[in-house]
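I opened this notebook to record, entry by entry, what I looked up in the structure. Each entry takes up one topic and keeps to what the atoms show.

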Amino acid sequence: MKRDWLIYLVIFSLALNLGTIGTIVYLRSQDQQRLAAGPGPRPPLPPKELWRELKLDESQRQTLRRLFPEHHQQVKAVRQQLTQKRQELFELMKAESTPWSAIQAKIQEISTLQGGLEEEMARFMLEFKKNLNPEQHAAFLTLLQNRLGCGPEGVCGPDGRRRGPGMGTGPGREHRGRP
């Protein structure tokens with residue numbers, strides 16, 4: 001009798017383990033499919049992957065190797081400043097009696113830094129693009145469009161669809177009798 005219970009317990013444990021492993025494999029595959037197919041911003045390609053995707057020749061690679069370090073340092077510095085300013089904003093908001101004008105000023109500083117980061121990214125992309133032939137340029141634009149989560153018409157958003165007043169759903173907006 002004891003032996004039967006032991007066998008049932010081993011079978012139950014085995015089934016539970018197989019079910020857990022199966023669930024993990026399924027969820028991982030779903031994540032991989034979502035990342036591969038789903039629109040939405042993705043992290044930038046590392047330089048070597050970008051070079052491989054664009055099929056750059058050696059002279060183009062040398063030029064771009066020269067551009068990357070400066071760009072990387074500038075982006076890193078701005079991101080550090082952004083982190084610091086966001087921490088300062090948090091500290092202002094934690095305080096009991098911070099005037100609204102001080103919070104607005106800190107938000108403006110953060111906005112200025114964020115704008116500077118966008119400008120640096122645009123500057124780098126324009127400089128990068130100067131070194132590409134027409135086929136590479138087209139491939140580069142397609143890569144950027146896909147990495148930014150833009151749809152086929154170049155419409156950028158979380159799902160690649162147009163956004164604006166009356167378009168789509170949002171907080172408190174539901175489809176009420178509309179297709």
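**Entry 1: a residue in the last helix and a distant partner.** I began with Ala-139, which I found in helix α5, and I note at the outset that I am reading a predicted model. Ala-139 counts as partly exposed because its relative accessibility is 29%. I then looked up its distance to Lys-55: the two C-alpha atoms are 9.7 Å apart in space, while the residues are 84 apart in sequence.

**Entry 2: the backbone at Lys-55.** I placed Lys-55 in the loop between α2 (47-54) and α3. Its phi is positive, about 55 degrees, although Lys-55 is not a glycine. Is Lys-55 buried or exposed? With 69% relative accessibility, Lys-55 counts as exposed.

**Entry 3: Gln-136.** I stayed in helix α5, which spans residues 134-147 and holds Gln-136. I recorded Gln-136 as buried because its relative accessibility is 6%, which falls under the 20% cut-off. Which residues does Gln-136 touch, once those up to four places away in sequence are set aside? I listed Leu-54, Lys-55, Leu-56, Gln-60 and Asn-131, and I note that Lys-55, the loop residue of the previous entry, is among them. With Gln-60 there is also a polar contact, side chain to side chain, at 2.6 Å.

**Entry 4: the fold as a whole.** I stepped back to the chain, which has five helices and zero strands and reads α-α-α-α-α along the sequence. Of its 179 residues, 20% are buried. I also looked up how far apart in sequence the contacting residues are: among contacts with a separation of 6 or more, 60% are between residues 24 or more positions apart. The chain exposes about 13900 Å², of which carbon and sulfur atoms supply 60%.

**Entry 5: aromatic pairs.** I counted three aromatic pairs in the structure. For Phe-68 and Phe-124 the ring centres are 5.1 Å apart and the planes stand at 55 degrees, so I entered this pair as tilted. The pair joins distant parts of the chain, with Phe-68 in helix α3 (residues 58-94) and Phe-124 in helix α4 (residues 100-129), 56 residues apart. The C-alpha atoms of Phe-68 and Phe-124 are separated by 8.5 Å. Phe-68 counts as buried because its relative accessibility is 17%, and Phe-124 is likewise buried, at 9%.

I then turned to Phe-128 and Phe-140, whose rings form a tilted pair with 4.7 Å from centre to centre and 40 degrees between the planes. Here too distant parts of the chain are linked, as Phe-128 belongs to helix α4 and Phe-140 to helix α5, twelve residues apart. I found both Phe-128 and Phe-140 buried. Taken together, Phe-68, Phe-124, Phe-128 and Phe-140 form one aromatic cluster.

**Entry 6: salt bridges.** How many salt bridges are there? I arrived at a count of eight. One of them joins the side chains of Arg-65 and Glu-58, at 3.2 Å from N to O; Arg-65 is partly exposed with a relative accessible area of 36%, and Glu-58 is partly exposed with 43%.

Another is formed by Glu-91 and Lys-94, with their closest N and O atoms 3.5 Å apart. Because Glu-91 and Lys-94 are three residues apart in helix α3, about one helical turn separates them. I recorded Glu-91 as partly exposed, at 38% relative accessibility.

In helix α4, Lys-106 and Glu-109 are also three residues apart, and so they are separated by about one helical turn; their salt bridge has its closest N and O atoms at 3.6 Å. Lys-106 counts as buried because its relative accessibility is 12%, whereas Glu-109 is partly exposed with 31%. I traced a network of salt bridges that links Lys-85, Glu-88, Lys-106 and Glu-109.

**Entry 7: a nonpolar patch.** I closed with the surface, where Leu-6, Leu-9, Val-10, Phe-12 and Leu-16 make a nonpolar patch of about 540 Å². From this patch I looked up Leu-16, which lies in helix α1 (residues 2-37) and is partly exposed because its relative accessible area is 49%.

Definitions and conventions:
Residues are numbered from 1 along each chain as its sequence is written. This is a predicted model: local features need pLDDT of at least 70, side-chain atom pairs count only at pLDDT 80 or more; totals for chains, interfaces and linings use all residues. Side-chain values use heavy atoms; hydrogens and water are left out. Helices (H or I, at least four residues) and strands (E, at least two) are DSSP runs, numbered from the N terminus. Buried means under 20% relative accessible area, exposed over 50%, partly exposed in between (1.4 Å probe, protein chains only). A polar contact is a pair of N or O atoms within 3.5 Å; within protein, one must be able to donate a hydrogen and the other to accept it, and residues adjacent in sequence count only if both atoms are side-chain atoms. Contact means heavy atoms within 4.5 Å. Patches are made of residues with over 30% relative accessible area and no salt bridge: like charges are joined within 9 Å, nonpolar side chains (Val, Leu, Ile, Met, Phe, Trp, Tyr) within 5 Å. Accessible areas come from the Shrake-Rupley method with a 1.4 Å probe; for residues, only the protein chains shown count as cover. A salt bridge is a side-chain nitrogen of Lys or Arg within 4 Å of a carboxyl oxygen of Asp or Glu. Rings of Phe, Tyr and Trp (its six-membered ring) pair if their centres lie within 6.5 Å; planes under 30 degrees apart count as stacked, over 60 as edge-to-face and the rest as tilted.
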